[in-house]
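User: Please walk me through the strand pairing and the aromatic contacts of this model. Keep it brisk.

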Amino acid sequence: MKKYITLAILSIALVSCGGDSNGKSVETLIESGTVEELQSKKEALKAEITTSNEQLAQIEKVLEEKTPRDKKEVLITTMTVKDTLFNHFIEVQGNVETKQNVLIYPEYQGTLSRVLVKEGQRVRKGQLLARIDDGGLGSQVAQVESQAALAKTTFERQQRLWDQKIGSEIQYLQAKTQYESSQNMVNQIKSQLGKTTVTAPFSGVIDEVITDQGTVVAPGVAIFRIVNLDNMYVAAEIPESYLPTVTAGKTVKVEFPVLGESIDATVRQTGNYIKPSNRSFAIEVDVPNKDGKVKPNLTARLSINDYTAENAILIPLNVINENADGEQYVYIAFAKADEMIAQQKIITTGKSQGDRIEVLSGIEVGDKIIVEGARSVKDNQAVKILTY
């Protein structure tokens, strides 16, 4: 009806524009009319067009008012709200580390006379790795041990005499002091001699032989690097805002991009210190390494489960709108009489994961959320659900 009325008004305007009050047509005035007549005709036509536009606007307004908004059906699709288990993850990057990755330094200065291991060799804790020339300490041990044995015999004899009240106290004390002094000398030289051997501080693999046999070494000059790949972990830094939710025992998916592999692990330790430079705290994630592929300083991506809801309501992010007050809302479709109506629902949202977000309040299980057409419908508008 609106279309026909519009055409009728335009037709009337065109007919009225065909002549003037004197019965002269526009064509006649163009051919023989004066400038004053043409100007007068121009003003008359403009007035008629303005009147026609005003009448057309009035009719359109009446049509808009008489046609109920909720009768203008919009084609939509819907999804039924369900509750589901929702696990939220935060993603950070970390590096593989091990606390047993150390350089081995000698405690004695001298020539490295023997290197007993090679790179890649697995060793056990306490195993002999190298010897340093002792510079004659071995022969000194035998000498001082003989002196200590003599001092011991002298002391024991002097002690027996002293117990029988024979001899002076000063002789007894001198023998005792001599014996203790010689014994300390033996222990001291043996201790120095023990520093001429280099042993493994823990079980692991000799990753690098840094100093070659025959080289003069001294404390502070590294000889080997030993690594234990059995006790690996990923170290990462977490923003302080996650301090209440990222705790020991949380599940973590660890991905190694270089290896093309991923494993499931747990947070074994969280730091007790917030770094002021970046407002973060440290965590450690256990990494099983049965096949030995994981190496120190390998880059890892962590997906840490920081939040879990047993019966969460999840909806697509793209169906959410926001009003002028900053409130978020969605439209649901419900049956009213013999038609479907769209209804606006103000919602409160929680955490998002990918293209979905948790709804904390505003909708319930069983509601039909409008998906396609969510940006086109209005509150209380009639809708038609498309089925595929």
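Analyst: The turns below take the sheets and then the rings. This is a predicted model, where local features need pLDDT of at least 70, side-chain atom pairs count only at pLDDT 80 or more, and totals for chains, interfaces and linings use all residues. Residues are numbered from 1 along each chain as its sequence is written, and side-chain values use heavy atoms, leaving out hydrogens and water.

User: In the open sheet with the order β8-β7-β5-β10, which are the edge strands?

Analyst: Strands here are DSSP runs of E, at least two residues, and helices are runs of H or I, at least four, numbered from the N terminus. Two strands pair if DSSP finds at least two bridges between them. This sheet of 4 strands is open, with antiparallel pairing. Strands that pair on one side only are β8 (197-199) and β10 (216-217).

User: Which residue in β8 is the bridge partner of L128?

Analyst: Strand β7 covers residues 128-132 and runs antiparallel to β8, joined by 3 bridges. In β8, L128 is bridged to T199.

User: Which residue in β11 is the bridge partner of I206?

Analyst: A second open sheet has the order β4-β11-β9-β6, again of 4 strands with antiparallel pairing. Its edges are β4 (101-104) and β6 (122-123); each has a single partner strand, so one side of each lacks a neighbour in the sheet. Inside the order, 4 bridges join β9 (residues 204-209) to β11 (residues 224-227). In β11, I206 is bridged to I226.

User: How many residues apart in sequence are the parts that F86 and Y307 tie together?

Analyst: Rings of Phe, Tyr and Trp (its six-membered ring) pair if their centres lie within 6.5 Å; planes under 30 degrees apart count as stacked, over 60 as edge-to-face and the rest as tilted. F86 and Y307 are edge-to-face, at 6.1 Å centre to centre and 70° between the planes. F86 lies in β3 (residues 83-98) and Y307 in β16 (residues 299-316), so the parts tied together are apart in sequence by 221 residues.

User: Is F86 buried or exposed?

Analyst: Buried means under 20% relative accessible area, exposed over 50%, partly exposed in between (1.4 Å probe, protein chains only). Y307 has 25% and counts as partly exposed. F86 has a relative accessible area of 2%, so F86 is buried.

User: Are the rings of F155 and Y179 stacked or edge-to-face?

Analyst: F155 is in helix α4 (residues 137-163) and Y179 in helix α5 (residues 169-194). Both residues are buried. Their ring centres are 5.7 Å apart and their planes at 5°, so the pair is stacked.
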